[in-house]
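This briefing sets out the fold, the core and selected contacts of one protein chain. Please keep the sequence and the structure in view while reading.

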Amino acid sequence: MRRAVIAFACVLLAGPALAQSLGEKTGVNSALGVAPTTADFVKEVAVSNMFEIESSKLAQQKGTAQEKSFAQQMVTDHTKTSSQLKGLVGDGKVQATLPTALDSSHQSKLDKLKGVTGKDFTSDYNSYQVSAHEDAVSLFERYAKGGDNSALKDWAGKTLPALRHHLDMAQELGKAPSVGQSK
């Protein structure tokens with residue numbers, strides 16, 4: 001009952017004028033296992049892809065050998081999912097607006113990565129990768145189960161295995177000895 005009250009309160013507070021619903025922005029939807037709206041899902045995926053690509057380009061320059069290898073995979077895979085999402089929105093199967101820039105939270109993380117090197121870069125990049133992929137897996141699972149756009153729901157389900165693999169890879173960052181940089 002309490003969950004229903006919280007969910008209902010979030011629905012009331014989250015008006016269509018907001019760029020992202022309050023439930024998704026605060027993490028309430030994730031905690032309750034509620035599927036994001038199509039607009040929220042598209043926004044979150046697009047921002048996540050942009051962050052993955054940009055942060056991983058930095059890792060290709062600043063990271064350990066292990067991070068550079070991981071980063072190359074992230075740039076390749078997230079460029080692909082970004083193109084797929086643009087295709088779904090562009091062909092009219094999904095009615096949503098794609099953001100063109102990072103939100104303030106992701107931008108501040110990227111700015112922090114730009115300003116650090118060595119062990120500080122490794123610590124921050126690895127932590128951000130685990131967190132970002134945990135969030136992405138949750139987002140895609142929830143939309144694949146309860147999303148309201150069938151094309152996007154199908155795509156979310158098909159993309160999930162790769163995201164789970166990314167999470168596994170991110171969790172392994174820093175565990176294996178790296179060559180060329182001291183920890």
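Leu152 touches Thr38, Phe41, Val42, Leu85, Leu88, Val94 and Tyr143, residues up to four places away in sequence being left aside. Leu152 is also among the residues with the most contacts inside the largest nonpolar core. The model is predicted. Its chain contains 8 helices and 0 strands, and the points below proceed from the overall fold to individual residues and charged pairs.

**Overall fold**

- Along the sequence, the elements follow the pattern α-α-α-α-α-α-α-α.
- The chain has 183 residues, of which 42% count as buried.
- Among contacts with a separation of 6 or more, 71% are between residues 24 or more positions apart.

**Nonpolar core**

- The largest nonpolar core comprises 37 residues, and those with the most contacts inside it are Phe41, Tyr125, Phe140, Leu152 and Trp155.
- Two or more residues of this core come from each of H4, helix H5 (65-90), H6, H7 and helix H8 (150-172).
- H7 supplies the largest share of this core, with 9 residues.

**Packing of H5 against H7**

- The axes of H5 and H7 are 12 Å apart, and the two helices pack at an angle of about 40°.
- The crossing that H5 and H7 make is left-handed.
- On the H5 side, the residues that meet H7 are Glu67, Phe70, Ala71, Met74 and His78.
- On the H7 side, their counterparts are Phe121, Thr122, Tyr125, Asn126, Gln129 and His133.

**The buried side of H6**

- Which residues of helix H6 (residues 104-114) are buried? They are His106, Leu110 and Leu113.
- These residues lie on the same side of H6, because they cover an arc of only 55° around the axis.
- The cover over the buried residues of H6 includes helix H4 (38-62) and helix H7 (118-146).

**Two buried residues and their contacts**

- Phe121 lies in helix H7 and is buried, with a relative accessible area of 0%.
- Not counting residues up to four places away in sequence, Phe121 touches Leu58, Ala59, Lys62, Gly63, Glu67, Leu113 and Val116.
- One of these partners, Gly63, is 58 residues from Phe121 along the chain, yet their C-alpha atoms are separated by 7.3 Å.
- Ser56 belongs to helix H4 and counts as buried, at 0% relative accessibility.
- With residues up to four places away in sequence excluded, Ser56 touches Phe51, Ala71, Met74, Val75, Tyr125 and Gln129.
- Among these partners of Ser56, Ala71 and Met74 in H5 and Tyr125 and Gln129 in H7 also take part in the meeting of those two helices.

**Salt bridges**

- Side chains of opposite charge can pair when their charged atoms come close. The whole structure holds 6 salt bridges, including the three described here.
- Lys57 and Glu54 meet through their side chains in a salt bridge of 3.7 Å, N to O. What separates Lys57 and Glu54 along helix H4? They are 3 residues apart, which means about one helical turn.
- Lys57 is partly exposed at 37% relative accessibility, and Glu54 is likewise partly exposed, at 34%.
- Asp124 and Lys112 form a salt bridge, with 3.7 Å between the closest N and O atoms. This pair links distant parts of the chain, 12 residues apart, with Asp124 in helix H7 and Lys112 in helix H6.
- Is Asp124 buried or exposed? At 13% relative accessibility, Asp124 counts as buried, because the cut-off for buried is under 20%.
- Its partner Lys112 counts as partly exposed, at 42% relative accessibility.
- Glu172 pairs with Lys175 in a salt bridge whose closest N and O atoms are 3.9 Å apart.
- Glu172 has a relative accessible area of 43% and is partly exposed, whereas Lys175 reaches 59% relative accessibility and counts as exposed. Lys175 is placed in the exposed class because its value is over 50%.

How values were computed
Residues numbered from 1 in each chain as written. Predicted model: local features only at pLDDT ≥ 70, side-chain atom pairs only at ≥ 80, totals over all residues. Heavy atoms only, no water. Buried < 20%, exposed > 50% of the residue type's maximum accessible area, 1.4 Å probe, protein only. Helix = DSSP H or I, 4+ residues; strand = E, 2+ residues; numbered from the N terminus. Arc of directions from axis to C-beta. Contact = heavy atoms within 4.5 Å. Salt bridge = Lys/Arg side-chain N within 4 Å of Asp/Glu carboxyl O. Core = buried A, V, L, I, M, F, W, Y, C linked by side-chain atoms within 4.5 Å. Axes fitted to C-alpha atoms, helices over the stretch in contact; angles between N-to-C directions. Left-handed = near helix turned anticlockwise from the far one by under 90°.
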